[in-house]
Amino acid sequence: MSGFGGFLLRRLVGTLITLLAISVIVYVVFFVTPGNVAQITCGPRCSPEQVHQVAQQLRLDDPLYMRYWHFLQGILVGQDYSTGTSVEHCSAPCLGMSYQGGQQVTRLIFAKLPVSLSLVFGAMILWLILGVGTGVLSAWRRGRISERVLTGVTLAGVATPVFVIGLVLMIIVCGQLRLLPFPQYVSLTDDPEQWAWNLLLPWLSLALIEAATFARLTRASMLETLAEDHIRTFRAYGVGERSIIGRHALRGAFAPIIALNANNVGGAIGGAVLTETLFGLPGIGQELVHAVNVVDLPVVVGMVLVIGFFVVIANAIADVLYAVADRRVVLA
């Protein structure tokens, strides 16, 4: 195949291979760690016989490659797990059973995922609007006082931790001014208005940090594009500065913005731990920290794989957007 269809096929194959490689690396890294998993699962008061029984149920005596194969089978077709008195079927994609609560990891992730997705995608809209808008304005007003002020603000945003901004906003907006309620997650399907109202402050906290990075990148890309020969040609022919900025320079600066946004969205799905913890949002990041603290390996592996999935998919979408914006990418 050639052309855009061949490009999509190559990206799809590359994405699947990357996801498979991530699953192998993550599974091996976590399950070759020292420690008696059966003892951790059973508890400190279990007898050696009980620990041995748990090890058999978890197939810990099988070679590592066989355990990974069973894990991969669970993702593709599902798997049956013994609960001691009965057998529970875990439908595909099955990421195993929690050592601590006996709950299916997939169900646990699906229960937490809407919270993280709501936080990240709402914040993404804000950080793109604020970051790109500030970067364009800063490049347009280069050398003026307003540009220096915007540059100082973005530097301060990059240097400030998200929990500091979130705490200050919560004290001022929720405590002193009482403009917003203290955030409490409400499902989008239950009440869309309360969902957005309660997430507005977490969105702002996360977006202000990310917007500072986008503003700096947009400004640098815009200044580089504005210095190119074709921009000088437009100016020589009398094209207006606003038209040059909006129709030509901004389009040329989109490539790094697309790449950065893909990385930020993918990583923020599981990386917004501080934001979720500060505002009490029961998302993926907070659950991952809890699973690490109690050494619940199936949950840790499942969460890391889901985060890796979003990172890979986000970058694959970014590649497609590259190709749409610049057809030369298809031939690469």
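**Entry 1. Overall composition**

I began with burial across the chain: of the 332 residues of the protein, 40% count as buried. I note at the outset that this is a predicted model. I then listed the secondary structure and found 14 helices and two strands. For the accessible surface I obtained about 17900 Å², with 64% of that area belonging to carbon and sulfur atoms. I also looked at contacts with a separation of 6 or more, and residues 24 or more positions apart account for 63% of them.

**Entry 2. The nonpolar core**

I turned next to the largest nonpolar core, which has 71 residues. Within this core, I recorded Phe71, Leu95, Ile109, Trp127, Leu201 and Met222 as the residues that touch the most other members. Helix H5, covering residues 105-140, gives the most to the core, with 13 residues. As background, I noted that nonpolar side chains tend to be buried together in soluble globular proteins.

I took Met222 as an example and listed its neighbours, leaving out residues up to four places away in sequence. Met222 touches Val136 and Ala139, and also Ile245, Ala249, Leu250 and Ala253.

**Entry 3. A buried acid, Glu210**

I asked which helix holds Glu210, and found it in helix H8, residues 192-226. Glu210 is buried and yet has no salt bridge. I looked for the nearest side chain of opposite charge, and that is Arg216, 12 Å away. The distance lies outside the 4 Å cut-off for a salt bridge.

What does the side chain of Glu210 make a polar contact with? I found the side chain of Asn264, at 2.7 Å. With residues up to four places away in sequence set aside, Glu210 touches Trp127 and Asn264. I had already met Trp127 among the core residues that touch the most other members.

**Entry 4. Asn198, also in H8**

I stayed in helix H8 to examine Asn198. I recorded a relative accessible area of 6% for Asn198, so this residue counts as buried. Which residues does Asn198 touch, not counting those up to four places away in sequence? I listed Pro181, Phe182, Pro183, Gln184 and Val186. Looking at polar atoms, I saw that the Asn198 side chain reaches the backbone nitrogen of Gln184 at 3.2 Å. I also took the C-alpha separation of Asn198 and Val186, which is 7.3 Å for two residues twelve apart along the chain.

**Entry 5. Salt bridges**

How many salt bridges does the structure hold? I counted three, and I took them in turn.

The pair Asp319 and Arg11 forms a salt bridge whose closest N and O atoms are 3.5 Å apart. This pair links distant parts of the chain, since Asp319 sits in helix H14 (residues 297-325) and Arg11 in helix H1 (residues 3-31), 308 residues apart. I checked accessibility for both partners: Asp319 is partly exposed at 29%, and Arg11 is partly exposed at 28%.

For Glu287 and Lys112, I found a salt bridge with an N to O distance of 3.9 Å. Glu287 lies in helix H13 (residues 284-293) and Lys112 in helix H5, so the pair ties together parts 175 residues apart in sequence. Glu287 has a relative accessibility of 14% and therefore counts as buried, the limit being under 20%.

Asp229 and Arg232 meet in a salt bridge at 2.5 Å, N to O. I placed both in helix H9 (residues 229-236), three residues apart, which is about one turn of the helix. Asp229 is exposed, with a relative accessible area of 56%, whereas Arg232 is partly exposed at 47%.

**Entry 6. Backbone geometry in loops**

I closed with two backbone features. Where is the cis peptide bond that has an omega of about -5 degrees? I found that it joins Ala92 and Pro93. Pro93 lies in the loop between strand S2 (87-90) and H5.

The second feature concerns Arg178, which has a positive phi of about 55 degrees although it is not a glycine. I located Arg178 in the loop between helix H7 (162-176) and H8. Is Arg178 buried or exposed? I recorded a relative accessible area of 69% for Arg178, which makes this residue exposed.

Terms used
Residues numbered from 1 in each chain as written. Predicted model: local features only at pLDDT ≥ 70, side-chain atom pairs only at ≥ 80, totals over all residues. Heavy atoms only, no water. Helix = DSSP H or I, 4+ residues; strand = E, 2+ residues; numbered from the N terminus. Buried < 20%, exposed > 50% of the residue type's maximum accessible area, 1.4 Å probe, protein only. Lys, Arg positive; Asp, Glu negative; His and termini not counted. Polar contact = N/O pair within 3.5 Å; in protein donor to acceptor, adjacent residues only side chain to side chain. Contact = heavy atoms within 4.5 Å. Core = buried A, V, L, I, M, F, W, Y, C linked by side-chain atoms within 4.5 Å. Areas by Shrake-Rupley, 256 points an atom, 1.4 Å probe, with all protein chains shown as cover.
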